[in-house]
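Good morning, colleagues. Please look at the model on the screen while I describe two of its helices.

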Amino acid sequence: MAGQLIVFEGIEGAGKTTQLQRAATWLRSQLTVPVLTSREPGGTFLGQQLRSLLLDVRQQDEIEPRAELLLYAADRAQHVEQYLKPNLAQGAIILCDRYTDSTLAYQGYGRQLELGLIEHLNAIASGGLTPNLTFWLDLDPEIGLQRITERGAPNRLEQEALDFHQRVREGYMTLAQNHPQRIIRLDANTAADDLEQEIRTILQTRLSETGYESFSKNFSKNFSKNFSKN
């Protein structure tokens with residue numbers, strides 16, 4: 001069975017990383033196939049170096065928008081070929097924190113670079129690999145930035161002005177409208193435990209449809225028990 005690439009997207013402070021980790025832990029308890037996690041930027045050794053360049057606020061030089069775009073593309077090209085494709089070919093389920101939609105939302109809508117150029121670059125960097133499912137955790141940017149402030153030590157992107165993050169959210173809205181079968185909007189204002197249960201239900205439905213029979217059996221047996229605990 002071919003693997004599944006499931007992506008978590010959203011603005012800063014939406015809680016996507018937390019929900020990704022919760023979903024991964026739960027899936028590992030339900031399935032016998034490998035359930036892996038990764039992120040962009042930073043899913044490979046090269047990506048970790050690029051992540052530092054892209055997000056570290058101590059960088060001496062201001063990164064030009066086109067240079068930023070190309071650095072994200074380099075990270076993705078390495079990530080796809082070194083990590084995503086080989087593991088998907090082995091049947092793994094990979095939960096990835098950000099992917100191509102982030103580039104369109106942040107560099108396209110946020111930085112206002114030409115969308116056609118970004119789509120072409122995404123196609124090159126991804127080698128045509130598209131997600132099977134994308135969870136978009138939608139949140140008002142003012143709330144997201146407040147969460148970041150409370151967390152402390154914002155990175156370079158998190159320090160961008162509010163209007164930048166508002167444009168990013170608008171980008172996600174447009175992408176969700178254009179890809180309704182792949183991108184599922186989730187209200188990130190929802191309590192974390194309730195949001196986790198919503199994600200579990202969607203994963204159960206989608207993965208059962210793609211042939212994960214052991215998942216279906218485990219889910220039907222354990223769902224009520226798991227739900228009652230949260």
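I begin with a definition: a polar contact is a pair of N or O atoms within 3.5 Å; within protein, one must be able to donate a hydrogen and the other to accept it, and residues adjacent in sequence count only if both atoms are side-chain atoms. The model is predicted, so local features need pLDDT of at least 70 and side-chain atom pairs pLDDT 80 or more, while totals for chains, interfaces and linings use all residues. Residues are numbered from 1 along each chain as its sequence is written, and side-chain values use heavy atoms, without hydrogens and water.

Helices are DSSP runs of H or I with at least four residues, numbered from the N terminus. Helix H6 covers residues 141-151. Its N-terminal end is capped by Asp 140, with a side-chain oxygen 2.8 Å from the backbone nitrogen of Glu 142. Just after H6, Gly 152 has a positive phi of about 90 degrees.

Which residues of H6 are buried, meaning under 20% relative accessible area with a 1.4 Å probe and protein chains only? They are Pro 141, Gly 144, Leu 145 and Ile 148. Viewed down the helix axis, these residues fall within an arc of 95 degrees, so they line one face of H6; the arc is taken from the directions from the axis to the C-beta atoms. On the other side, Glu 142, Thr 149 and Glu 150 are exposed, that is, over 50%.

The buried residues of H6 pack against H7. Phe 164 belongs to H7, residues 162-178, and counts as buried because its relative accessibility is 3%. Beyond its neighbours within four places in sequence, Phe 164 is in contact (heavy atoms within 4.5 Å) with Tyr 106, Gly 110, Arg 111 and Leu 157.

How values were computed. Helices (H or I, at least four residues) and strands (E, at least two) are DSSP runs, numbered from the N terminus.
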